[in-house]
Amino acid sequence: DWNPSTTWSGASVSYDTALQVSTVYACVRLISDTISTFPAAPFYRKNGERLPFNPKPAWIEQPDIGITRADHVQQIVFSMLLTHGAVVRIYRNGDGEIVALIPLDPMRVEPQYNNQGQMEFLWDHQKVIPARDIMYIPMMRRPGSAKGISPLDEVKQTLGLASALDEFASRFFSGGSNVGGVIETPALLSKEQAQQAKEAFEASHKGRKKS
């Protein structure tokens, strides 16, 4: 899974810290909110013609109890934008019909190929879930790779710089002073007096409005 990693700027980047970058948050919110409002309907092809599938399966409008279709789609898009891909657990009844689709935390799921070359998914590094019970939607995948490419992993250096700049600015305005120059006094000061002069100067320049 995509673990937090330290970038050249020294900032640690994960999909949680990436959301603290205002641009990332705004983009993810805009894209996921917009796509979640799109209508959905099932179709099938017969002799090359696309025909509506009726009756519409219940899971299309109600993927799971207690979650709307908009929330369901939003979670899927969120996972695609910030991790290696969306992972949806498929539940079926005794007749093999789909009864629920539940988005899983992609950071707890590892796509892999087994010894037979078949796709499977490792949950929490222990439980193996067969591909039949998982709908996996990566944003992109390298040829021959089971796991998708995390968009954030590809731009982590840029995000690390943005995060470091935000932290620097926050710390500077909350308690820093960075004024060039030298403070001079005609009197010879003791070590204690020099410290008092320094503290008095900093008290006049620290803080968001004084920096």
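Which residue lies over the face of Phe43? That would be Arg50, placed 3.9 Å from the ring centre. A charge is said to sit over a ring if NZ of Lys or CZ of Arg is within 6 Å of the ring centre and within 35 degrees of the ring normal. Arg89 is another case, over the face of Tyr91 at 4.8 Å from the ring centre.

A few words on the model help here. It is a predicted one, in which local features need pLDDT of at least 70 and side-chain atom pairs count only at pLDDT 80 or more, whereas totals for chains, interfaces and linings use all residues. Residues are numbered from 1 along each chain as its sequence is written, and side-chain values use heavy atoms, with hydrogens and water left out.

Now for the overall picture. The chain has seven helices and 10 strands; these are DSSP runs numbered from the N terminus, with helices being H or I of at least four residues and strands E of at least two. Of its 211 residues, 30% count as buried, a label for residues under 20% relative accessible area, with exposed meaning over 50% and partly exposed in between (1.4 Å probe, protein chains only). About 14100 Å² of the chain is exposed, and carbon and sulfur atoms supply 55% of that; accessible areas come from the Shrake-Rupley method with a 1.4 Å probe, and for residues only the protein chains shown count as cover. Among contacts with a separation of 6 or more, 53% are between residues 24 or more positions apart, where contact means heavy atoms within 4.5 Å.

Back to the strands. β3 (residues 43–46) and β4 (residues 49–52) run antiparallel and are joined by four bridges; strands pair if DSSP finds at least two bridges between them. The two strands form a hairpin with two residues between them, and Asn47 in the turn has a positive phi of about 55°. Within this hairpin, Tyr44 stands opposite Leu51 in β4.

Tyr44 also turns up in the aromatic pairs, of which the whole structure holds two. Its ring centre is 6.4 Å from that of Phe53 and the planes are at 85°, so the pair is edge-to-face. For the cut-offs, rings of Phe, Tyr and Trp (its six-membered ring) pair if their centres lie within 6.5 Å, and planes under 30 degrees apart count as stacked, over 60 as edge-to-face and the rest as tilted. Tyr44 is partly exposed, at 37% relative accessibility, and Phe53 is partly exposed too, at 38%. The other pair, Phe121 with Tyr136, is edge-to-face with 5.5 Å centre to centre and 65° between the planes. This pair links distant parts of the chain, 15 residues apart: Phe121 belongs to strand β8 (residues 119–123) and Tyr136 to strand β10 (residues 134–137). Phe121 is buried at 2%, and Tyr136 is buried at 14%.

What about the inside? A nonpolar core is a set of buried Ala, Val, Leu, Ile, Met, Phe, Trp, Tyr and Cys residues joined through side-chain atoms within 4.5 Å. The largest has nine residues, including Val28, Val73, Leu81 and Leu152. Helices α2 (22–36) and α4 (69–82) each supply at least two of its residues, and α4 gives the most, with four. Apart from this core lies another, of eight residues, among them Trp123, Ile129, Ile134 and Tyr136.

Helix α4 also holds His72, which is buried with a relative accessible area of 6%. Leaving aside residues up to four places away in sequence, His72 touches Pro63, Ile67, Val88, Leu101 and Pro103.
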